[in-house]
Amino acid sequence: MVVNSNTGEDIGEELSARLHRLEYEQQERLAQHRAEQAQLPYLSLVIFPINSEVVEMIPKSQAEAAGAVLFYKQGQDIRLGVVNPGTAAVEEIVQYLTQRFGIPPQLYVISHRSLISVLARYRREHEEEVVPQGEVRIAQEEVAAFEEVLQNLEDLGRRITSLPPTEILNTIVVGAVKVGASDIHIEPHEKDARLRFRIDGVLQDVTSFDREGWSLLLSRVKVLAQLKLNVRDVPQDGSFVLRVAEEVYDMRLSVLPGGYGENIVVRVLDRKSQAVRITDLGMKDRDFNLVKQELRKVNGMILVTGPTGSGKTTTLASFISEVNKPELKVITLEDPIEYRLAGVEQTQIDVDAGYTFAKGLRSILRQDPDIIMIGEMRDTETAETAVHAALTGHLVFSTLHTNNAAGAIPRLVDIGIKPFVLGPALNMVIAQRLVRVVCLQCAQEYVPGNDERESIRNVMRGIRKDIFDPAVLDNKTLTFKKAVGCAACGKTGYKGRKGVFEIFSIEGSMEELVLQGADAGHIQEEALKQGMTTIAQDGYLKVIEHITTTEEVARISEE
């Protein structure tokens with residue numbers, strides 16, 4: 001050890017300390033230079049008094065990644081230290097703080113040394129408790145308190161309007177989960193924002209709240225879903241996780257620019273959602289028996305058609321649950337995964353990563369599957385690969401967007417599938433809609449008038465008598481149900497949904513029509529001869545069975 005004769009200190013330690021001081025001084029000079037270039041004030045935070053609660057308003061991982069720390073907040077005086085001003089990450093934090101507090105923070109340029117000093121102020125216990133970015137947690141105590149005071153949508157609406165803007169999100173998402181909403185819609189207007197839930201397929205108003213609440217909600221969900229805060233003129237999609245006590249939900253977020261700001265739609269997907277049993281889909285005996293017969297086959301394709309939100313995925317999930325056995329390999333390709341199916345290999349497309357339906361299907365076929373489910377056939381390549389798989393020993397389930405069952409075959413031909421290939425590949429076509437089920441607690445019986453009976457008789461004309469006897473409509477004691485509304489159903493008059501179907505199989509004369517390239521009209525005519533009922537006819541059968549109402553059938557029917 002070499003000792004300095006004047007100070008008595010170790011020369012090595014003294015030299016090391018001097019080098020550290022020079023390094024720190026160099027960092028501060030560089031920070032001052034960056035401040036001058038950006039025309040911002042410079043500040044050293046090494047000995048600045050820091051309040052940990054203020055610092056922790058930005059998650060540590062986000063602060064560290066952006067090189068930005070919130071080091072002071074007193075009323076409207078908000079100060080943010082940044083190493084490199086002008087970066088996208090810093091801009092996102094600035095936008096987040098502006099949305100949260102209503103005014104932009106004052107920026108100060110700091111050194112890396114200052115950044116490390118402030119990051120050290122994050123408390124260890126806070127780090128352990130902090131919710132990971134992309135996740136909302138709601139404790140059991142909060143859920144219990146919510147259930148105690150909020151019984152319906154009106155209560156929820158009043159609660160939301162009484163809350164400070166920073167507390168709105170938790171109440172909205174818990175409310176959506178508790179009332180069984182599938183989607184949350186937040187729509188900004190000139191002076192306020194409207195909140196609506198989609199319940200049993202129908203949008204229902206919940207409340208309106210001020211634009212400050214909408215602005216903070218927008219900022220928070222964007223941060224949760226890792227969207228760009230400073231991008232407001234293009235659509236963005238993302239997702240985050242909601243944990244309500246022990247339940248976990250995937251929240252798929254879509255943000256769309258509008259005339260008064262960005263519209264927010266959140267799809268709520270319960271990870272514990274179980275596939276509906278095939279017996280609970282709502283099929284009448286003829287349809288149920290036909291489907292069971294087709295599900296016993298080991299190859300071919302079953303198509304389910306209908307618009308978005310008509311229950312196609314639910315139907316296919318029930319089919320997979322029905323046919324899945326330990327000795328079979330079942331693989332799905334979905335967007336997104338809505339039901340977790342035991343014993344099934346489920347994959348999700350990722351367009352940004354290049355994993356499309358077409359590429360995913362080619363990969364699936366190399367995995368030697370017995371049964372394949374394709375979420376949707378959107379293009380020629382996917383359709384051709386799926387049809388080829390159906391012809392080569394695989395049972396294939398998929399969906400298509402058409403208005404009715406008969407239209408599926410011309411649609412596939414339009415996509416590019418040759419009729420002589422389609423005929424032997426296709427086993428069955430199903431079109432469906434969902435009708436709301438009348439609430440058992442409040443529904444009222446009534447005797448339909450002559451006009452109503454005659455209108456239904458016109459729709460039911462041509463239906464096979466072994467499926468429906470028109471004499472039923474002449475019965476003077478015939479009653480239907482009317483939706484009323486009560487606390488049990490949220491005053492809507494309905495609770496739950498059932499499917500209404502058009503179903504026909506491809507065999508015999510129907511297969512001949514497919515091979516000939518027949519149009520939808522001839523296919524529909526042959527399907528009706530086979531015993532198929534139209535969407536409207538199946539709906540009115542459910543009206544007669546007191547399952548739904550004539551208003552519901554009119555809502556979902558085109559007839």
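**Stop 1: a hairpin**

Select strands E9 and E10, which form a hairpin with two residues between them. Keep in mind throughout that this is a predicted model. E9 covers residues 247-258, and ten bridges join this strand to E10. The two strands run antiparallel. Now pick Asp250 and look across to E10, where Leu269 stands opposite.

Which strand besides E9 should you add next to E10? Add E5, residues 183-188. E5 and E10 (residues 261-270) pair in the antiparallel sense over four bridges. Click Ile184 and then Val266, its bridge partner in E10.

**Stop 2: the nonpolar cores**

Keep Ile184 selected. Ile184 also belongs to the largest nonpolar core, which has 41 residues. Add Ile172, Phe197 and Phe209 to the selection. Together with Ile184, these residues touch the most other members of the core. Which helix gives this core its largest share? Show helix H9, residues 168-178, which supplies seven residues.

Then move to another core, which lies apart from the largest one. This second core has 39 residues. Select Leu361, Ile364, Ala390 and Leu400, which are among them.

**Stop 3: salt bridges**

How many salt bridges are there by the rule used here? The count comes to 28. Visit three of them.

Start with Glu187 and Arg194. Their closest N and O atoms are 3.0 Å apart. Is Glu187 buried or exposed? Glu187 is buried, because its relative accessible area is 11% and the cut-off for buried is under 20%. Arg194 is partly exposed, with a relative accessible area of 27%.

Go back to the hairpin for the next pair. Select Lys272 and Glu247, which form a salt bridge with the closest N and O atoms 3.8 Å apart. This pair links distant parts of the chain, 25 residues apart. Lys272 is in the loop between E10 and helix H11 (285-295), while Glu247 is in strand E9. Lys272 is partly exposed at a relative accessible area of 49%. Glu247 is partly exposed as well, at 28%.

Now select Asp474 and Arg457. Here the closest N and O atoms of the salt bridge are 2.6 Å apart. This pair, too, links distant parts of the chain, with the two positions 17 residues apart in the numbering. Find Arg457 in helix H17 (450-460). Find Asp474 in the loop between H17 and strand E18 (480-482). Arg457 counts as partly exposed, at 21% relative accessibility.

Before leaving, select Lys284, Arg286, Asp287, Asp538 and Lys542. Salt bridges that share partners join these residues into one network.

**Stop 4: cysteines without disulfides**

How many disulfides does the structure hold? It holds zero. Select Cys439, Cys442 and Cys486 to look at some sulfur distances. For Cys439, the nearest cysteine sulfur is that of Cys442, 3.8 Å away. For Cys442, the closest cysteine sulfur is in Cys486, at 3.6 Å. Why is there no bond between Cys442 and Cys486? That distance is too far for one, because a disulfide needs sulfur atoms within 2.5 Å. Cys439 counts as buried at 2% relative accessibility. Cys442 is buried too, at 11%.

**Stop 5: a helix with a buried face**

Select helix H15, residues 408-415. Colour Ala408, Ile409, Leu412 and Ile415, which are buried. Turn the view so that you look down the helix axis. The buried residues of H15 fall within an arc of 120°, so they line one face of the helix. A general rule helps here: an α-helix has 3.6 residues a turn, so residues three or four places apart point the same way.

Step just past H15 to Gly416. This glycine takes a positive phi of about 130°.

**Stop 6: positive phi outside glycine**

Which residues other than glycine have a positive phi? One of them is Gln39, with phi near 55°. Look for Gln39 in the loop between helix H1 (11-38) and helix H2 (52-55). Gln39 counts as exposed, at 74% relative accessibility.

Finish at His546, whose phi is near 65°, a positive value in a residue other than glycine. His546 is in the loop between helix H20 (535-544) and helix H21 (550-556). At 24% relative accessibility, His546 counts as partly exposed.

Note on methods
Residues are numbered from 1 along each chain as its sequence is written. This is a predicted model: local features need pLDDT of at least 70, side-chain atom pairs count only at pLDDT 80 or more; totals for chains, interfaces and linings use all residues. Side-chain values use heavy atoms; hydrogens and water are left out. A nonpolar core is a set of buried Ala, Val, Leu, Ile, Met, Phe, Trp, Tyr and Cys residues joined through side-chain atoms within 4.5 Å. Buried means under 20% relative accessible area, exposed over 50%, partly exposed in between (1.4 Å probe, protein chains only). Two strands pair if DSSP finds at least two bridges between them. A salt bridge is a side-chain nitrogen of Lys or Arg within 4 Å of a carboxyl oxygen of Asp or Glu. The arc is that of the directions from the helix axis to the C-beta atoms.
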